[in-house]
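Okay, everyone, thanks for coming. I'll put the model up and then we'll walk through it together.

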Amino acid sequence: MLGVPTPTPAPEPTLATARLPVARLAVTEALARMATNDDEVRARHAYGRAYPDLVRAFSGDFSAAPDLVLFPEHTADVITALEWAEREGVTIVPYGGGTSVVGGVEAPRARPIATLSLSRMGRVLEVDAVTRAARIEAGAMGPDLERQLAPHGLTLRHFPQSFEFSTLGGWLATRAGGHYATLMTHVDELVEAVTMVTPRGVYATRRLPASGAGPSPERLVLGSEGILGVITEAWMRVVPRPRFRASAALHFPSFREACDAARAVAQAGLHPANCRVLDEMEARLNFVADDGSALLLLGFESADHPVTHAIERAVALAVAEGGACPRGVTIKDDGARGGDAAAERWRQAFFDGPYLQSALVTMGFVVDTFETACTWAALPRLDAEIREAVGAAMKRELGGGLLTCRFTHVYPDGPAPYYTWLAPPAPGRQIEAWSAVKRAASDAISRAGGTITHHHAVGRTHRPWYDRERPDAFALALGGAKRALDPAGVLNPGVLID
Ligand SMILES: Cc1cc2nc3c(=O)[nH]c(=O)nc-3n(C[C@H](O)[C@H](O)[C@H](O)COP(=O)(O)OP(=O)(O)OC[C@H]3O[C@@H](n4cnc5c(N)ncnc54)[C@H](O)[C@@H]3O)c2cc1C
């Protein structure tokens, strides 16, 4: 489709070929139990998973490797590590699974850098079955967290696409978006209480279902991206596993009609678990439909009651907007997984996508995604601006390429559109070309009134657009919080604020 022959993949880097700077920090006695400056461990913590990270890592360039990696096992270890960093003037980068796509785990090299990995703090510590909440350590990775909840018949029901390799602490620090299209879209809604270790003490909020007592203390932690403290654990709201499921795939002549149908469903108070619009190219590239139609994939689920009525109403609304439902509705009231065939093909492509991106990167292709959210009223202009700007930038920088769009989430007042772009190889100038396209996309989003991120976070990459988007007075308040909690500025410099 790109009109170029399939290139040969480059070989994977090995430790022998990896280039990384000499470690500037030694393992002192005080840190001996939890620290290492082993080259392989440092290389593995050098980058997140953004496109430029993959390009540099595959080429053996690990120049961003930290000087030391710390593996605390308890909150007390985190306190020790922060005290040491403050004393020694060392930058601390909190690190969950390292799936940041916004430069969140790559600090400037002006000062020595210690990456603090939560990977040894991954336990489910307590389950309160009456309240339906679980106390979980921040380093728990998605699959392991779910494995520990399963014997209780419970699930956190938070499935970002990076689920396999990302952690609870990372989700909280970045306000991650899960797979479900409505209601509990961001992980924020699942937090009952959270504990964060700051250089000025432990910040632990009270377990409450809700509170109107002033600004929410949890909210300062959520989305703090490692600049205010290290999140060590949280009480999370958990739910029984769903038993009742229903799904359907609607075909539309164009993206615009599929968007209208998604809006009708989102505004009807139905709360589907899946309400995913795929434009024509997205449907084709993911093997969901190849008849040139745009799709709306609908899914409902519940642990408590059949969802037949909800899916039938949603399908009726979509049909009224011009949709066709050739395979009808699939109902599963027996706890069985699976649904409509198109939705299943989509689910598989969704989890395979990141592996495919890595494979394409080894072949030199320039391929990435970006995402936003906007009001329904702003959508037509935003989509048009993005398609024009990104199309022109790909043509200029890379000779052309493909751009696709889907919705990851829908709200009554607007969708979260998610774009994937794929362009031919640009040997030797992949990162430069990627930067130009990324800039064009981000400028277009900003111009058309979208947010620079619905769920990928700000990190370092999105800073210029985030700085324009947030109120100046808010930046002052955030700066005040930073100065109060981390006066020496050891935590993740350059993320969110200067
Ligand atoms: C293939 C792929 C798919 C993705 N899909 C999604 C998606 O569906 N939804 C979504 O929201 N995001 C997605 N992302 C982005 C990323 O996975 C999320 O931002 C995720 O929440 C990061 O979690 P992590 O544990 O990997 O954190 P990391 O990448 O290790 O860290 C992310 C940021 O949080 C900070 N941090 C991490 N742990 C802590 C802690 N315990 N305390 C304080 N700060 C901490 C870090 O310093 C950094 O700034 C995707 C990324 C990839 C590569």
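Before I talk about the shell around the ligand, one definition: helices, which are H or I runs of at least four residues, and strands, which are E runs of at least two, come from DSSP and are numbered from the N terminus. Also, keep in mind that this is a predicted model.

So, the ligand. How many residues surround the ligand? The count is 34. The closest are Pro 94, Gly 96, Thr 99, Ser 162 and Thr 167. Which element gives the largest share of that shell? That's α5, with 5 residues. At least two shell residues each come from β3, α5 and β10, where β3 is 91-95 and β10 is 230-237. As for what kind of residues these are, the shell splits into 19 polar, 13 nonpolar and 2 charged.

Now some backbone contacts. In Pro 94, a backbone N or O atom sits 2.6 Å from a ligand oxygen. Gly 96 has a backbone N or O atom 2.7 Å from an oxygen of the ligand. And for Gly 104, a polar backbone atom is 3.2 Å from a ligand oxygen. How much of the ligand does the protein bury? On its own the ligand would expose 960 Å², and 95% of that gets buried by the protein.

Next up, a sheet. Here we have an open one with 4 strands, ordered β1-β2-β4-β3, and the pairing is mixed. β1, residues 35-36, and β3 are at the edges with a single partner strand each, so each has one side with no neighbour in the sheet. And β3, remember, is one of the elements that supply residues to the ligand shell. Further in, β2 at 68-70 pairs with β4 at 113-117 in the parallel sense, over 3 bridges. If you want a spot to click on, Leu 70 has Leu 116 in β4 as its bridge partner.

Last thing, a couple of backbone angles. Arg 157 isn't a glycine, yet its phi is positive, near 55 degrees. You'll find Arg 157 in the loop between β7, which is 154-155, and α5, which is 168-174. Asn 492 has a positive phi too, near 45 degrees, and it's in the segment after α14, which covers 472-485. Buried or exposed, what is Asn 492? Asn 492 is buried, because its relative accessible area is 2%, and buried means under 20%. Arg 157, on the other hand, comes in at 23%, so it's partly exposed.

That's my tour, thanks for listening.

How values were computed
Residues numbered from 1 in each chain as written. Predicted model: local features only at pLDDT ≥ 70, side-chain atom pairs only at ≥ 80, totals over all residues. Heavy atoms only, no water. Buried < 20%, exposed > 50% of the residue type's maximum accessible area, 1.4 Å probe, protein only. Near = heavy atom within 4 Å. Polar contact = N/O pair within 3.5 Å; in protein donor to acceptor, adjacent residues only side chain to side chain. Areas by Shrake-Rupley, 256 points an atom, 1.4 Å probe, with all protein chains shown as cover. Nonpolar A, V, L, I, M, F, W, Y, C, P; charged D, E, K, R; others polar. Pairing = 2+ DSSP bridges.
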